[in-house]
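Let's take a walk through this model together. Have the viewer open and follow along as we go.

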Amino acid sequence: MTDVQTRELPAGRTTGRNVGRPIDRVDGTAKTTGAARYAAEYPYPGLTHAALVHATISRGRITSVDTAEAAAVPGVLAVITHLNAPAMKPPPPVSPLNLSTLVSGTTVNYLNTDEVHWDGQPVGVVVAETREAALRAAALVRVGYRELPATVDFAAGQGDARPEKSSPIQPGAVAKGDAAAAIAAAAVSVDVRYTTPPHHHNAIEPHATTAVWDGDRLTVHEGSQSIAWMRSHLALRFGVPAAGVRVISPYVGGAFGGKGMVWAGTVLTVLAARVTGRPVRLALTREGVYRTVGGRTPSAQRVALGASADGALTGLIHTSVTRTGRVGGMPEQVTSASRHLYDVPNITLQQATVPLDLLSNTAMRAPGESIGTFALEAAIDELACELDMDPILLRMRNEPARDPVDGKRFAHRMLREAYALGAERFGWPERTPRPGSMRDGKWLVGMGVATAYHPSWQFSANVTVRLAADGTVVVRCGFHEMGMGGATAQAQIAADALGVPFEAVRVEYGDSDLPTGPAAGGSAQTASVAAGLLAACEKLKRSVLALARRSGDSPLRGRRPHDLQARDGGLWAGASGPGETYAAILGRAGRASVEARVGSDTRAGEILGQAKFIAKFLRDRRRWVKAACGAQFCEVRVDSDTGEVRVSRWVGSFDVGTVINAKTTAGQLRGGIVMGIGMALSEETLLDPRTGRIMNPNLAEYHVPVHADIPPIDVHYLNEPDPTMPLGLIGVGEVSITGVAAAISNAVYHATGKRVRDLPITLDKLL
Amino acid sequence: MRPFTYLRAPDVATAVRAISAEPGAKFIGGGTNLVDLLREDIEQPGTVIDITGLPLTGVEELPDGGIRIGALVRNSHLAAHRLVTTRYPMLSQAILSGASPQLRNMATTGGNLLQRTRCLYFYDGAAACNKREPGSGCDAIGGFNRQHGVLGVSDDCLATHPSDMCVALAALDATVETRSEHGVRRIPLVDLHRLPGTTPHRETVLAADELITAIELPPPPSGAVSRYRKVRDRASYAFALVSVAAVLKVRDGSVSTVRLALGGVAPKPWRAYAAERALLAAPATEESFTRAAEAELTAATARPGNAFKIELARRTIVATLRDLLAEGSAA
Amino acid sequence: MVEIHLRVNGVTRSLDLEPWVSLLDALRERLDLTGTKKGCDQGACGACTVLADGERINSCLALAVQYAGREITTIEGVAHPLQAAFVRHDGLQCGYCTSGQICSALAMLAEHRAGAPSAVTGDPAATGVELSRAEIAERMSGNLCRCGAYNGIVSAIQEVAEMETAR
């Protein structure tokens, strides 16, 4: 039932360089005609609908459950609570030997416990013939509680925060030299605190699951960023073989980190289908998403900087406090960019975390870096003002040649070039430095700049490539498409690697029955799949060459792989040498197709793959610091009467290595900037500190940017390959949100003379 | 949603008869607010009477130069109607600054008057709210009240009326016409909504069986300029933090006509009579505008979350009048 | 249960519905027309936008029973140059808001042709208002796109608007 795009092979298309071209996304037509089906849109005979009952206390025990009224609603098939739910295995503890253990949204074994751990925790699920009946009945389930004391207020709980320890993937504290002394002795210094509120992803598609059991075999339709891990998780929770579990996810209606974990809705849909013996669909309400899917942690940060009078940084302190849920969540690498951005002899970095009686936090676009660069890059601007120095000049004055903390080489770093390009496109020299000096009628005009920075990652991916005798190619890998244009990019890569037209390549993805792909996170997917795909294409070409060489009259006889070019639908000895088409080779050999595979999906293969990945990861980490970076330029207009802030211009200039698809890359970069504009100006999850309850669990009161908030966004990239990455590409999904909030807050300062250090920068803070 | 009986009324008399016969019934027009409130279980009518088939969809010119707007005229149609764009451009501006084009295509004029507050605690069944559940308390006090009112609020309720259109109507001296079994009633728009006091669940002076049939506007003050100014957290598609509807006419440097109404700051569309009194016959200067704004806002009371609204309202009033002064001088 | 006749994309469909079923749920769950999306069920995102007699509405806040006899157009019934323009300008990423954006844009172009003003038009009585990027953005602000494809959406609409004007 994998729903992937197929294209006829048009006759007479020539092959050539597809990588880099602005090719239209391959699923564009499906998405603009309504043909693309998302997780809640799969019809099944006998399909039923589920709805959740949410706890309305933050901590306590369930003392009573009355389901009589709910069960009496016409069409209701089952009301499942902890009193009658079948046992599930608890979520597994995190184990480095099995990365799928990272995917539990929380440690709670839903409906297998009378304990309540956060306001919104599901305490029941209703299954009915219609969605309306399920929702109505869910509202009629009466639950009594014995409340226990809960700690939910982040502002009040910060004193209990504990410093984080280092781990191989998450470096913790840095103590290089004596930053405090250096700052105290510095000619110029700033020491400032910043705060950021909780955020939610708000993908326009609310989380939805359709689950169908057939004996011990389970099919799940779900918009997910980690289908392979979801499969493992569900197999474990329900005690069935993973091979019988299939997660299908061809279209994901936005995710941004929010669909990376397995949250309650997924597990409870599968449970409900088990209980009722019917296919069950649970499409969460928007409020249900807020109550059961984690968001971005709030943060409190301190940045202190010291510099000599000429702008040479002498000390940097960046500390952060974030929160997790007591039932799960991860610390955020808030100070990560501060390790790498400035050449400072004395650096102190420390992240601390406090667990609260709230739902787990989870990754949201550039976790850590998006909020960390707000504080760091705003503080740099504050220092530039103290120094009376251009903020770009200050940054370039302190641009390091090697990593400031451990002296490692940068695999690739073209921040200077990004700034030069961005400053030119933006017209930075026209800015007059004095705050309030660029008025246009009632509008106070401000220009701000900040650095974008995001580490680049690469995971392992199993890929198969099959070449058919008609010259068409099928790439198969269980990766994820949440809008990034993954299938389009990988088709471009395969087309060039094999020398076939782009239109000849079909990419299958979003199905856990495919070779295991990487989880979509850390901006790593394109590079991860590309590495596997390129290796598979090389294997495939060797297999084809071997076939050709078996034949006495092949012009490729005697040729070695490295002598050959893949182009024009075949293999050729150099640009003008002899060769032949794949069709000719396969036809002569009597083969319908040739297939090559990288990686193995057996248990042993998985462990080997994981070991290889970890070995490569650690080797890379020893050698290089890898990252995408860029320069964010913006112009804001602030109403001099009301304090309303409008972003009027944006230029983003990025170093993201090789660009695979000029069109979708620009879209990704713009998308991150748009989300950053929301984070800077309007987004905030309102969690009532008295109760721990989210009070704006909807799109009317959680203000994501609308069309009218967004100016034309001019994005540029240097398109210089990173030599340590496949094809030289660096992921683009997250770097573009970093630095955005700082650029805006710096521009607002430039416009108004007011520093707003507490996001979002709403007009009340400017009056 | 709770089950309900659905009736469709073919004419006004039937609609009015039906609602008299069904205590707790609700009229439904565009449904943009009611359907949401039904889904949230905040409204719980046993019967829903569809009035969209009633012949109340016209905008007509009145003999005195005013206009009569049928209660079922869609917001978008009203905003684009030539009689409105040419004579009452402020009303167009107010409507167009509210909600979204889709919602404006559905929402009716009558329904807009009766839309309910967006208070976060009113919307959350787990919270205490005197408006939703009389006597339960008010979680907005001591909670998130950044959007809440500073004028006309009480210790039982801080909620604001969310309409933009009503603010313009208040400034334009609109009259609401209703029908019930007891006949026709005409109510000045500024008297339609009640202040919360100790009974915030009673939001209007309408009886349960009363149907809004029309809004009438007197002719616009001749020679005056007008404007609706909305301040909010996004550039579009967000409720007002503060809005100002202002009509101004200046003769020989003095204010000869002024109408001022405020949105986002009160439980009802707030006609700023104190400011108007302070302005009338005063010199048309920034100082007068400021004094007038302050005259209105001396009565304001704020909570920590919404104290900024007093200053924001002051500034928005002054800025809007300043803009109108410039526009009037230029004309 | 109420029996209603819904006319969707030119075809009359007969349905037995409870009166509290929304038009959106009727389309998605009863007629398997899943191209219209549910993003908030609250009139706050625009993903559910369909046309009723050519006018854009939020089908999540519409009771299906109120739309009996009206001409409903969903994305499945749209065949318009806007669709290709959205792809060409990459006015989409995940695709979930796209049906609503396209239906909304279609009606928006018609509203503009009919002379309807917007909140950024200045004088609402002005005629011949140019469909600038600012006008398009304001008129499309009832359709959220969390992927942030706004620039591409506006470009696609502007291109089609210019094509229509040239014609």
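Put the C-alpha centre of domain 1 of chain C and that of domain 2 of chain C side by side, and you'll find 22 Å between them. The two meet through 16 residues on the domain 1 side and 15 residues on the domain 2 side. As for where to draw the line in chain C, domain 1 covers 2-77 and domain 2 covers 81-166. Keep in mind throughout that this is a predicted model.

Now swing over to chain A. Its secondary structure adds up to 18 helices and 32 strands. Along the principal axes, the C-alpha atoms take up a box of roughly 80 × 75 × 50 Å. How does the radius of gyration of chain A sit against that of a compact globule? For 767 residues the globule value would be near 27 Å, and chain A has 27 Å, so the two agree.

The inside of chain A is worth a moment too. Of its 767 residues, 65% count as buried. Look at the contacts between residues at least 6 apart in sequence, and 81% of them turn out to join residues at least 24 apart. On the outside, chain A has an accessible surface of about 25200 Å², with 53% of that belonging to carbon and sulfur atoms. And the charges? Chain A carries 80 positive and 73 negative ones, and the mean positions of these two sets are 6 Å apart.

With the overall picture in place, zoom in on some backbone details. Asp568(A) has a positive phi, near 50°, despite being a residue other than glycine. You'll find Asp568(A) in the loop that runs between strand S23 (564-567) and strand S24 (570-573). Is Asp568(A) buried, exposed or partly exposed? Its relative accessible area is 40%, which lies between the 20% and 50% cut-offs, so Asp568(A) is partly exposed.

Further along the chain, Asn719(A) also shows a positive phi, here near 60°, and is likewise not a glycine. The loop holding Asn719(A) links strand S32 (713-717) to helix H18. With a relative accessible area of 38%, Asn719(A) counts as partly exposed.

Follow H18 (740-752) onward into the segment after it, and you get to Pro760(A). What kind of peptide bond joins Leu759(A) and Pro760(A)? That one is cis, with omega at about -5°.

Terms used:
Residues are numbered from 1 along each chain as its sequence is written. Chains are lettered from A and ligands numbered from 1 in the order in which they are written. This is a predicted model: local features need pLDDT of at least 70, side-chain atom pairs count only at pLDDT 80 or more; totals for chains, interfaces and linings use all residues. Side-chain values use heavy atoms; hydrogens and water are left out. Helices (H or I, at least four residues) and strands (E, at least two) are DSSP runs, numbered from the N terminus. The radius of gyration is taken over C-alpha atoms; the globule rule is 2.2 Å times the number of residues to the power 0.38. Buried means under 20% relative accessible area, exposed over 50%, partly exposed in between (1.4 Å probe, protein chains only). Contact means heavy atoms within 4.5 Å. Accessible areas come from the Shrake-Rupley method with a 1.4 Å probe; for residues, only the protein chains shown count as cover. Lys and Arg count as positive and Asp and Glu as negative; His and the chain ends are not counted. The place of a charge is taken as NZ of Lys, CZ of Arg, CG of Asp or CD of Glu. Domain bounds come from an automatic or database domain assignment.
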